[in-house]
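Let us take a walk through this model together, one stop at a time. Keep the viewer open as you read, and pick out each residue as we come to it.

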Amino acid sequence: MKDCCSNENGAYELIVVGAGSAGFSASIAAAEAGKRVALLGHGTIGGTCVNFGCVPSKAMIRAAEALHGASAAARFPGLSGAAQIDDWSQLVAGKDDLVATLRQKKYADLLPNYEGVDYIEEGPATLVEGGVQIGDRTITAPRTLIATGSRSLVPAIRGIEDVDPLDSQSLLELETLPESLIFVGAGYIGAELAQMMARMGVKVTLVTRSRLLPGAEPEVSDALSEAFEAEGVSLLTGLQYDSVAASEDGVTLRIMQEGTAKDVTAERIVITAGRQANTEGLGLEEAGVQTDSRGGIVVGQDMQTSRPGIYAAGDVTDRDQFVYMAAYGAKIAARNAVADGSERYDNTTMPWVVFTDPQVAGVGLSEQQARDAGHDVKTSVLPLDQVPRAQAARDTRGLIKLVADRETDRLLGGQIVAPEGSDTIQTLVMALKAGMTTKALGETIFPYLTTVEGLKLAAQTFDKDVAMLSCCAG
């Protein structure tokens, strides 16, 4: 792995602070444009996704699905199954091996292939006039891109600092499996990890100020809540956090729900209440870089900050908190920074996925967002029990909701709750990119006995009762 000293003339055209997905994407884009880049580690190479987020969590979620799948076999007549955890520490070690392999293969081993990129891993970086201070030296360049990511946000609950709370990273590093857990926060991270641990045999209570997946459609939240409760997850919603303290049985969280105080007790408490940008110590205020209430860097559509010449991308910004959008935004930022580009960040057809079971996925505008944007809205909601694939699989948990403009019939968005929702959503992405109408989607040929066929049926539901159609009649 190269260090900055390999650059004899020291003339960099871009400094990238942060060596995660966004940092690597920006560095590669600039190098491909023939520019010299100083990539500053400012933390662990590979960033949050590979080391602490996407990769380790999805590996463990798949393991939990394998456990659950055995017992779920009983939904078919004449079948039964069972599975168990034989060695929790071995499961965790396997996850760690995967993380280490991908960190090396997809990050560290890539650097020698890009002659224009010098990697510097000396320590934290601070913006200074004309460049960045790292360690005892100053790296200079006309443009800088910040991609330092985010970390778990700890809510202001009285006593929280005294109970050693877990987060999405430390939860997956536990040496022994706890008997019970309280999850604070029911966004996509809380939802995924709470169900995962419940399937591992842990007694789980999930508490939230609003509802499960508050950013999703209400019908989607309700459908997933039913699935969680059917698996034994205790879901407490619409509440306020009062305090938390150590107790005989571990940790007790006091909540206020409809004016009544309630105590929830478990062995450990897990904080999954959102993310906070890693911006401390960067010298943003001194550099004139504007941030929002969570410390996120405010960027324009060109990914430039309020300080000309300084760009930002990924979770450290006020943009979408997904690894693929971090890489996408970073590529735009790098091209605009070093090649005088005029590319713009566009998330109008950005898909998003929550890896629960059933999976939740969406793209485009929700019903409320469409109304707020001034559309005369029409919607269709198709229960999964109307999708032949779900009937054959004997798993009808979920639904598909589509949103369209009433006057033009153009599709505006949609959300899916289904076992194969993560793969199905991309077809709706392409439909939105093509500007399709509900009529056109409903007349498109789809293969029978697939989950994606549900999109066609959901489109037809705007105008007819699909329960009255024979197989493939539409």
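At 15% relative accessibility, aspartate 409 counts as buried, where buried means under 20% relative accessible area, exposed over 50% and partly exposed in between, for a 1.4 Å probe and protein chains only. Aspartate 409 sits in the loop between S21 and S22; helices (H or I, at least four residues) and strands (E, at least two) are DSSP runs, numbered from the N terminus. Its phi is near 70°, a positive value in a residue other than glycine.

Before going on, a word on the ground rules: this is a predicted model, in which local features need pLDDT of at least 70 and side-chain atom pairs count only at pLDDT 80 or more, while totals for chains, interfaces and linings use all residues. Residues are numbered from 1 along each chain as its sequence is written, and side-chain values use heavy atoms, with hydrogens and water left out.

Another aspartate invites a look at its backbone. Aspartate 340, in the loop between helix H8 (323–338) and S18, has a positive phi of about 50° although it is not a glycine. Is aspartate 340 buried or exposed? Aspartate 340 counts as exposed, because its relative accessibility is 68%. A further backbone feature comes at proline 358, which is found in the loop between strand S18 (352–354) and S19. The peptide bond that leads from aspartate 357 to proline 358 is cis, with omega near 5°.

Now turn to helix H6. H6 covers residues 218–230, and its 13 residues reach 18 Å from first C-alpha to last, close to the 18 Å expected at 1.5 Å a residue. The expected span of a helix is 1.5 Å times one less than its number of residues. Which residues of H6 are buried? They are Val220, Ser221, Ala223, Leu224, Ser225, Ala227 and Phe228. An α-helix has 3.6 residues a turn, so residues three or four places apart point the same way. The buried residues of H6 pack against helix H5 (188–199) and five strands of the chain: S10 (203–207), S11 (234–236), S19 (359–364), S21 (399–405) and S22 (411–418). Contact here means heavy atoms within 4.5 Å. After H6 comes glycine 232, whose phi is positive, near 95°.

Leucine 224 of H6 also serves as a reference point for leucine 171: the two are 53 residues apart in sequence and 23 Å apart in space, C-alpha to C-alpha. Leucine 171 lies in the loop between strand S8 (150–152) and strand S9 (180–184). Leucine 171 counts as buried because its relative accessibility is 0%. Leaving out residues up to four places away in sequence, leucine 171 touches Leu166, Leu181, Phe183, Leu193, Met197 and Val270.

Helix H3 is our next stop. The 19 residues of H3 should span 27 Å at 1.5 Å a residue, and its end C-alpha atoms are 25 Å apart, which agrees. Among the buried residues of H3 are Met60, Ile61 and Ala64.

H3 and H5 each supply at least two residues to the lining of the largest cavity. A cavity is a set of points, on a 1 Å grid over the protein atoms alone, where a 1.4 Å probe fits but cannot get out, and lining residues have an atom within 4 Å of a point. How much space lies in the largest cavity? About 30 Å³, where grid points are joined across faces, edges and corners and a volume is the space filled by probe spheres set on the points. The lining consists of Ile61, Ala64, Glu65, Glu192, Gln195, Met196, Arg199 and Phe355, and H5 gives the most, with four residues.

Finally, visit two more loops. Threonine 451, between helix H12 (438–442) and helix H13 (453–460), is buried, with a relative accessible area of 9%. A polar contact of 2.5 Å joins its side chain to that of glutamate 420; such a contact is a pair of N or O atoms within 3.5 Å, and within protein one must be able to donate a hydrogen and the other to accept it, while residues adjacent in sequence count only if both atoms are side-chain atoms. Glutamine 386, in the loop between strand S20 (377–383) and helix H10 (388–392), is partly exposed, with a relative accessible area of 29%. Beyond its neighbours within four places in sequence, glutamine 386 is in contact with Gln391, Leu457, Val466 and Ala467.

Methods. 1 Å grid on protein atoms, 1.4 Å probe; cavity = no way out; pocket = protein on both sides within 12 Å on 5 of 7 lines; lining within 4 Å.
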